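Here are some exercises to work through with the model open beside you. Try each task before reading its solution.

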Amino acid sequence: MFNSDKKKPPITAKPIAEMPHTLLGQDYKVWCKSQKGNHKWRNIRWLVLIAVNLLFVLSFFLDLSFLEGSLSGSRAMGFYLIDTFNALQVVLISLPGGYFPSLTMNFWIGFLTILFLSTMGGRTYCSWVCPYHFLAEMAEKLHDFLVKEKKVKEHTFNIYLRFVFWGGFLLLALLTKNIVFENLNPIGILSRAMIYGPGLILLWVLALLIFEIVYSKRFWCRYVCPVGATWAITGKAAPISVKFDHDKCGYCRDCQDVCLVPHVLWFVQRGKATQKTHYAGPDCTRCGLCIDTCAGKALTFTIKGLDKLI
Amino acid sequence: MGKEKTDIDRRQFIKSGVVSVTALAAIGAGVGYLKKLHSANARTTNHLRPPGAVDENDFIYGCIKCGLCVQICPIDAIHLAGISQGLSYGTPYIDLREQACDFSCDSLQCVETCPTAVLDFKQFEEAGGNAITAYQKIHDVNEPGFNPFKVQIRAMKEEVKMGMAKLNVNTCLAVQGKGFSGTPRGTGFNGIYRSPDGSEKKASPLRDREFKRGICDLCVTECPIGETAIIMDDTGGVFKPKVLEGCTGCGVCVMVCPTENPSIIVEPLKPESDV
C-alpha cells in the first residue's frame, strides 16, 4: 500500500547482452533452473519454527521455566511477550470495561516488546514461528498440485481484504467486549492444542486448511489473518528485509511463483522496476523462498541502512 | 488507497468486500448467540474461575487464553475449557471436586502471572501490603521470629473470593451423626493438597491419607483458611458444619468430602452485572 516507488517511471529493462545468463554464457532455461533443489533458507526456517513450538511444549511438559504460555501470550525466561493484535483488543475492550488501569506492567512490556520486534522485522513471525503457516505451506503444495492437475480452480481475492478484517475484528471486540478473534485464531488454537492437549476446535483449523486446498490458495494468511496484518502495518519501515538487485535479475519470475505474497515482488517483472534496488514490501514474511529459488542471486536478506554503512 | 484503486480489479474488489462483510457479520451474530446461550450457565459449581478473577462477563472478554496460569499452578488445579463451554472456550477454570486450590503456591502465582487484568492482582497486593504495614507496627525487626511474609500470605489468601461453600444437609455425614474412617475419595483419586496444620511443605496426594473421625468433620479440619471460614456447629448435640464469611471458595472441603456426591459445594459468586 502507498508504495511511492511503484508510481515512478520504470527504468529500462536490460537488453539480452546484459542479462545474467548471457554474461555466464548459459542457455536461459538452464540458467533459470540452476537453483532448483536449493532449500537452504526454507530448511533453516522450518527448523526454527519447529524448535520454537517444541520449546513451548517441552517447557510445560518438563516444567522448565523457559518459554511458558502459548503463542497468544508467553513468558520467555520471565520476560513477557504478547501477541500485538491480542494486546490491541485487550486495550480496546479495557477502556469501556473500566479495567484499563488494572493492566499490568508485564502486559505493557509484552505488548511493546513484540511491537518493537515487528517494527524491526515486519511479518517475520508469520513464516518463522507461526504453526499455522507451516501447515498452510503443506496445504499450498497440495493446492498447487491440484490446480496443475486441473482438479480445482484457483480463486483470488483482494489483498486489502485483510485490513477490512483487521478493522472488523477490532470493531467486533469493541462492540461485543469480547476478544472474538482469539476464538477463531488458528495460531492460538494450534499452539494451545500442542501445549495443553487437542480439542474439537481443531476441526475449525482443518476446515480452513481444506478451504485453502480446494478453493483459494493461502486464504487465511493472505486475506484474513489480522495478526499478520498488524505487523504488516507496524513493519512498514522494517530494516530487516529482502533486497532486490535489478542488475542480477533474469526476469524469470520464479520468485513470484513461490512467494506467499507475490505482490511484494512486483518489481521483478521485465520493465516494472523503477530503481536499481528495491525492497520487498511490508507484507513480506521474510520466508526466504524467493532467495532460495533465484538463479541470479538477485534477492538477498539485508538490514536496510546497515549495508550502506559497510 | 487513492490512485492505487486503478490497480484493483473492480469485480474482485466487490467480491472480496462482500466476503469479508458477510464473514464478519456472521461472526458477530455467532458471538451474540453464544453470549445469550452462555450467560445462563456462566460459572457452575464445578467450573470456578481461578482466584482474583474479575466479573465473569469481563473475564471472558479479556482473557487472551495464553494459559500462563495453567502452567504456573504447582498442583495443576487450573485447566483450559473446551469448545463445549461456548465463548468460554480456552479460558481457565478449576474443577474443585477433582483438584481444589489449596494455596500451595503461597503467593497466588496464577494471579500474579496473568498478563491481562482478568485475574486482578491489585487487590491482593494491597491486602498483603496492608498486612505487612500492620505487622511492622506491632513487631520489631530485631524480634526473634520476625516474619511479615507469613502475615502477608495469610492476608492475600483471605482476600480470595472464588465462591462460597454451601452445605447439603440431606447427605452430610455429620448432620446424620455419622463418622468417617478411611481414605475419603478412594485410592484411585489423584487430587493433592497440603495439610493445613503446617506439617507439610508441599502438597501430597489425598489417597495417601487415613482419617478416623467419630463425627465426620473433614471439611472443617482440612480447610486451609480455618475457623474464619468454616466451623462445626454442635448446638443441642446435632452437628452441622457452618460456613462463615471468611470462606474463599477454594474448594478443599469439596475435594475431601467423602460422600459420593459432595455434601458441600462451592457456589460461584453472582455476577455483579448482566449483559
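Before we count anything: helices here are DSSP runs of H or I with at least four residues, strands are runs of E with at least two, and both are numbered from the N terminus. Keep in mind that this is a predicted model.

**Exercise 1. Take stock of the two chains**

Task: How many helices and strands are there in chain B, and what does the secondary structure of chain A come to?

Solution:
- Start with chain B, which has eight helices and 10 strands.
- Chain A comes to 17 helices and six strands.
- Now check the overall size of chain A. Its radius of gyration is 21 Å, close to the 19 Å that the globule rule gives for 310 residues, so chain A is as compact as a globular protein of that length.
- Along the principal axes, the C-alpha atoms of chain A fill a box of roughly 65 × 45 × 40 Å.
- Next, burial. In chain A, 43% of the 310 residues are buried; in chain B, 40% of the 275 residues count as buried.
- Last, look at how far along the sequence the contacts reach. Take contacts in chain A with a separation of 6 or more: 77% of them are between residues 24 or more positions apart. For chain B, 70% of the contacts between residues at least 6 apart in sequence join residues at least 24 apart.

**Exercise 2. Split the chains into domains**

Task: Which residues does the domain assignment give to each domain of chain A, and how many residues of domain 1 are in contact with domain 2?

Solution:
- Domain 1 of chain A is made of 4–36 + 239–309, and domain 2 covers 42–233.
- The centres of these two domains, taken over C-alpha atoms, are separated by 29 Å.
- Across the boundary, 14 residues of domain 1 of chain A are in contact with 14 residues of domain 2.
- Sort the domain 1 side by class and you get eight nonpolar, three polar and three charged residues.
- For chain B, the division is domain 1 (2–39), domain 2 (121–160) and domain 3 (163–268). The C-alpha centres of domain 1 and domain 3 of chain B lie 54 Å apart.

**Exercise 3. Find the faces of two helices**

Task: Which residues of α12(A) are buried, and what do they pack against?

Solution:
- First, check the length. Helix α12 of chain A (residues 202–214) has 13 residues, which at 1.5 Å a residue should span 18 Å; its end C-alpha atoms are 19 Å apart, so the two agree.
- Val205(A), Leu208(A), Leu209(A), Glu212(A) and Ile213(A) are the buried ones.
- Looking down the axis of α12(A), these buried residues fall within an arc of 135°, so they line one face of the helix.
- The spacing fits a general rule: an α-helix has 3.6 residues a turn, so residues three or four places apart point the same way.
- On the other side of α12(A) you'll find Leu203(A), Leu206(A), Ala207(A) and Ile210(A) exposed.
- The packing partners of the buried residues of α12(A) are α8 (131–148), α11 (186–196) and α13 (219–224) of chain A.

Task: Now do it again for α5(B). Which of its residues are buried?

Solution:
- With 17 residues (122–138), helix α5 of chain B should span 24 Å at 1.5 Å a residue; its end C-alpha atoms are 25 Å apart, which agrees.
- Phe124(B), Gly128(B) and Ala131(B) are buried. They cover an arc of only 60° around the axis, which puts them on the same side of α5(B).
- Thr133(B) and Lys137(B), on the other side of α5(B), are exposed.
- The cover over the buried residues of α5(B) includes α4 (109–113) and α6 (148–159) of chain B.

**Exercise 4. Examine the contact between the chains**

Task: Which helix gives the most to the side of chain B that touches chain A?

Solution:
- The contact takes 37 residues from chain B and 45 residues from chain A.
- On the chain B side, α1 (10–39), α2 (56–62) and α3 (68–72) each supply at least two residues.
- α1(B) gives the most, with 11 residues.
- By class, the chain B side has 20 nonpolar, 11 polar and six charged residues.

Notes:
Residues numbered from 1 in each chain as written. Chains lettered and ligands numbered in written order. Predicted model: local features only at pLDDT ≥ 70, side-chain atom pairs only at ≥ 80, totals over all residues. Domains from an automatic or database assignment. Contact = placed C-beta atoms within 7 Å. Nonpolar A, V, L, I, M, F, W, Y, C, P; charged D, E, K, R; others polar. Expected span 1.5 Å × (residues − 1). Buried ≥ 20, exposed ≤ 12 C-beta atoms within 10 Å, placed from the backbone. Arc of directions from axis to C-beta. Rg over C-alpha atoms; globule rule 2.2 N^0.38 Å.
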